[in-house]
Amino acid sequence: MNFLRREDPASATSAKALTYRLRRASHYIDREIRRELTPLGIELWELELLAALRRAGGPPYRLTAGALLEETQLTSGAITKRVARLEGKGWVRREIDPEDRRQILVVLTDEGLERAVSVFGVMSKTEESLLEGLGARVLDRLNDDLRELLLLLEGPAPPTT
């Protein structure tokens with residue numbers, strides 16, 4: 001059985017160190033962004049969902065519920081609850097897809113787009129201030145290395161139609 005096979009101790013230690021550092025860095029960045037967003041009355045998950053819809057292109061900025069689920073890597077129950085909360089704030093609305101009436105589209109409203117755009121600047125400034133000490137060369141290298149890691153973990157992005 002593969003899971004019982006002894007691993008190379010150096011490789012296992014490097015993998016453990018890397019995953020630990022990635023989690024720590026992610027936690028730190030998330031905490032700082034949340035701290036900046038709190039006074040603006042928006043949570044990070046809300047902004048991430050609005051950003052996913054904006055990245056879909058538009059107007060109209062919309063995705064099927066299934067595509068939104070893939071984009072955010074959440075469960076269907078979590079997406080349903082989050083979309084309902086954002087719908088209650090007037091930032092998204094649900095529509096039946098006119099091309100496939102079995103599909104639900106989640107659509108970014110004008111108010112949701114304005115809210116997202118107004119907050120993206122704060123998030124961007126926070127991200128830049130957290131990472132500015134690294135310099136362009138290190139940022140480029142980290143981006144390339146993490147892109148490679150994500151391709152390994154997630155596979156290539158599906159082709160756009």
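Which side chain meets that of Glu36 in a salt bridge? I looked this up before anything else and found Arg35, at 3.4 Å from N to O; a salt bridge is taken here as a side-chain nitrogen of Lys or Arg within 4 Å of a carboxyl oxygen of Asp or Glu.

**Entry 1, the model.** I am working with a predicted model, in which local features need pLDDT of at least 70 and side-chain atom pairs count only at pLDDT 80 or more, while totals for chains, interfaces and linings use all residues. I number residues from 1 along each chain as its sequence is written, and side-chain values use heavy atoms, with hydrogens and water left out.

I then checked the pLDDT, the predictor's confidence in each residue from 0 to 100, and the protein chain averages 88, with 91% of the residues scoring at least 70. Among the elements (helices, H or I, of at least four residues and strands, E, of at least two, taken as DSSP runs and numbered from the N terminus), helix α3 (residues 65–72) has the lowest mean pLDDT, 87, and strand β2 (residues 92–96) the highest, 94. Over residues 1–5 the pLDDT is below 50, and beyond near neighbours in sequence I note zero contacts for this stretch in the model, a contact being heavy atoms within 4.5 Å.

**Entry 2, salt bridges.** I count 10 salt bridges in the structure. Glu36 is partly exposed, at a relative accessible area of 30%; the classes are buried under 20%, exposed over 50% and partly exposed in between, with a 1.4 Å probe and protein chains only. I also looked up Glu87, whose side chain meets that of Arg94 at 2.7 Å, N to O, and noted that Glu87 has a relative accessible area of 30% and Arg94 one of 36%.

In helix α6, Arg147 and Asp144 are three residues apart and therefore separated by about one helical turn, and their side chains meet in a salt bridge of 2.8 Å, N to O. Arg147 is partly exposed at 47%, as is Asp144 at 42%. Elsewhere, salt bridges that share partners join Arg31, Glu32, Arg35 and Glu36 into one network.

**Entry 3, helix α2 and the loop after it.** Helix α2 (residues 44–55) has 12 residues and reaches 16 Å from its first C-alpha to its last, close to the 16 Å expected at 1.5 Å a residue, where the expected span is 1.5 Å times one less than the number of residues. Nine of the 12 residues are buried, so α2 is largely enclosed by the rest of the structure; among the buried residues I list Trp45, Glu46 and Leu50.

Just after α2, Gly57 takes a positive phi of about 85°. I then found that the peptide bond from Gly58 to Pro59 is cis, with omega near 5°, and that a cis bond also joins Pro59 and Pro60, with omega about -5°. Pro59 lies in the loop between α2 and β1 (62–64), and Pro60 is found there too.

**Entry 4, Gln73.** Gln73 has a positive phi of about 60° although it is not a glycine. I place Gln73 in the loop between α3 and α4 (76–88), where it counts as exposed at 58% relative accessibility.
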